Amino acid sequence: VRATALVATSSGGAIRIVANQGRWRVKDGSTETVLPDLFLDAIFVGALPGVTKAFYIKAYVPGTDNNDGPDCASLLGDVPDAESPHKQAATCAECAQNAWGSKVTPAGVEIKACSDYRRTAIIAADDPDVVYQANIPPASIKDWVKYIKELSQRGVDVSMVVTRLTLDDHKWVFAFNGFAN
């Protein structure tokens, strides 16, 4: 799947679906709309192979305007993107920020300072006119892979089904919710 097919564009760039503070939200440039339901019925219509990476020097502070884009990022998880303002290494494989233990959470768990995401493209099951970018967060990748594998074992591609997305604390939960029209 080509990267350009994974986003819907507007004057502010990609129109994204995000989960923040326990709610699904649509971000279109500087405009953010909180969705009314605690679930989102979506159809996954594309995904980049592998992981997308993002490293932030400053910690994320919820509810503030000082949250800039990543200091170093890689769309395909191989080398820093050309527009990354603070590249950390020539390749992601050799980057110290991409190593386990390069960051320690407040709970004392060693993780990678450079986070892995799965960049996907989705449409809302009840309104297929807009393609949204949805970056599956690091804590949800294992469940995403398991969900895709379960569908695949039944001979079903994820693009053929409506997936109900819910949140369990900070993790995305993926559940079959019927076949797409």
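In this report, a strand is a DSSP run of type E with at least two residues, and strands are numbered from the N terminus. The model described here is predicted.

**The chain as a whole**

The chain contains one helix and 13 strands. Along the sequence, these elements follow the pattern β-β-β-β-β-β-β-β-β-β-β-α-β-β. Of the 181 residues, 34% count as buried. The accessible surface of the chain comes to about 10600 Å², and 53% of that surface belongs to carbon and sulfur atoms. Among contacts between residues at least 6 apart in sequence, 45% join residues at least 24 apart.

**Two residues in strands**

The table sets out Ala175 and Asp129 with their strands and accessibility.

| Residue | Strand | Relative accessibility |
|---|---|---|
| Ala175 | β13 (residues 171-179) | 33%, partly exposed |
| Asp129 | β11 (residues 127-136) | 68%, exposed |

Ala175 counts as partly exposed because its relative accessibility is 33%, and the partly exposed class lies between the cut-offs of under 20% for buried and over 50% for exposed. Leaving aside neighbours within four places in sequence, Ala175 is in contact with Tyr147, Val162, Thr163 and Arg164. One of these contacts, Thr163, is twelve residues from Ala175 in sequence, and the two lie 5.5 Å apart in space, C-alpha to C-alpha.

Asp129 has a relative accessibility of 68% and therefore counts as exposed. On the surface, Asp129 gathers with Asp37, Asp126 and Asp127 in a patch of negative charge.

Note on methods. Residues are numbered from 1 along each chain as its sequence is written. This is a predicted model: local features need pLDDT of at least 70, side-chain atom pairs count only at pLDDT 80 or more; totals for chains, interfaces and linings use all residues. Side-chain values use heavy atoms; hydrogens and water are left out. Patches are made of residues with over 30% relative accessible area and no salt bridge: like charges are joined within 9 Å, nonpolar side chains (Val, Leu, Ile, Met, Phe, Trp, Tyr) within 5 Å. Accessible areas come from the Shrake-Rupley method with a 1.4 Å probe; for residues, only the protein chains shown count as cover. A salt bridge is a side-chain nitrogen of Lys or Arg within 4 Å of a carboxyl oxygen of Asp or Glu. Lys and Arg count as positive and Asp and Glu as negative; His and the chain ends are not counted. The place of a charge is taken as NZ of Lys, CZ of Arg, CG of Asp or CD of Glu. Helices (H or I, at least four residues) and strands (E, at least two) are DSSP runs, numbered from the N terminus. Buried means under 20% relative accessible area, exposed over 50%, partly exposed in between (1.4 Å probe, protein chains only). Contact means heavy atoms within 4.5 Å.
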